[in-house]
Amino acid sequence: SFEPRAQQAALRAAEARAVATGRRDEAVRAAAGPRRETRLRAALRRYDADGDGVLCREEVVSYARGEYGVELSGECLDRISRLLVKEGCKGVRVEEMQALRIAVGVAVDQARRRAKAEAPA
């Protein structure tokens, strides 16, 4: 009689633990979203030299240099503009800042790979 009740209690405890863990994970994810958006907005404001709310090509170059220490090639800038600048817009908006971060990261990785491939063995 004691053993089945103990098993049921253990099962209920495991279920409660799973629910609590899931809720904790949801809360952590929800809290991370606003922080990332705040960081992206801050980066846009930091590099938006003319204050128009978007990063033009020159400001994207400044962003890449300041945040990653990399000089973007014209080809890379063209690709970023083609992919991230919406038609009729003057530059990269805050909504595309995460994608800009990724695009610059890819450019950094490609530059490293090129340098490694070109280095004498």
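How far is the sulfur of C56 from the closest cysteine sulfur, and in which residue does that closest sulfur lie? I began my notes here, keeping in mind that this is a predicted model. The closest cysteine sulfur to that of C56 belongs to C89 and lies 11 Å away, which is too far for a bond. A disulfide would need the two sulfur atoms within 2.5 Å, and I accordingly recorded zero disulfides for the structure. C89 is in no disulfide either, the sulfur of C56 being the nearest one to its own. I also looked up the surroundings of C89 and found the residue partly exposed, with a relative accessible area of 26%.

**Confidence**

I checked next how far the model itself can be read. The mean pLDDT of the protein is 86, and 93% of the residues reach 70 or more. Helix α2, residues 57–68, has the highest confidence, with a mean of 94, whereas helix α1, residues 2–47, has the lowest, with a mean of 80. I noted as a general caution that predicted coordinates should not be read in detail where pLDDT is low.

**Salt bridges**

I then turned to charged side chains and found seven salt bridges in the structure. One of them joins D52 and K90, with 3.2 Å from N to O. D52 sits in the loop between α1 and α2, and K90 in the loop between α3 (74–84) and α4 (97–118), so this pair ties together parts that lie 38 residues apart in sequence. Of the two partners, D52 is partly exposed at a relative accessible area of 29%, while K90 is exposed at 61%.

A salt bridge within a helix came next in my list: R113 pairs with D109, and their closest N and O atoms are 2.8 Å apart. Both residues belong to helix α4, where they stand four residues apart and are therefore separated by about one helical turn. R113 is exposed, with a relative accessible area of 58%, and D109 is partly exposed, with 33%.

I found that R93, E95 and E96 are joined into one network by salt bridges that share partners. Within this group I looked up the contact between the side chains of R93 and E95, which is a salt bridge of 3.7 Å from N to O. R93 counts as partly exposed at 31% relative accessibility, and E95 counts as exposed at 56%.

**Aromatic pairs**

Which ring pairs with that of Y47, and in what geometry? The structure holds two aromatic pairs, and in one of them Y47 meets Y63 edge-to-face, with 5.6 Å from centre to centre and 90° between the planes. Y47 lies in helix α1 and Y63 in helix α2, so the pair ties together parts that are 16 residues apart in sequence. Both Y47 and Y63 are buried. The rings of Y63 and Y68 also pair, with centres 6.1 Å apart and planes at 70°, and I therefore entered this pair as edge-to-face as well. Y63 has a relative accessibility of 3% and counts as buried, whereas Y68 is partly exposed at 31%. Together the ring pairs link Y47, Y63 and Y68 into a cluster.

**A distance along the chain**

Last, I looked up R17, which has its place in helix α1 and counts as exposed at 54% relative accessibility. From R17 to S62 I noted a separation of 45 residues in sequence and 48 Å in space, taken from C-alpha to C-alpha.

Note on methods. Residues numbered from 1 in each chain as written. Heavy atoms only, no water. Buried < 20%, exposed > 50% of the residue type's maximum accessible area, 1.4 Å probe, protein only. pLDDT = per-residue confidence, 0-100. Helix = DSSP H or I, 4+ residues; strand = E, 2+ residues; numbered from the N terminus. Salt bridge = Lys/Arg side-chain N within 4 Å of Asp/Glu carboxyl O. Phe/Tyr/Trp six-rings, centres within 6.5 Å; stacked < 30°, edge-to-face > 60°.
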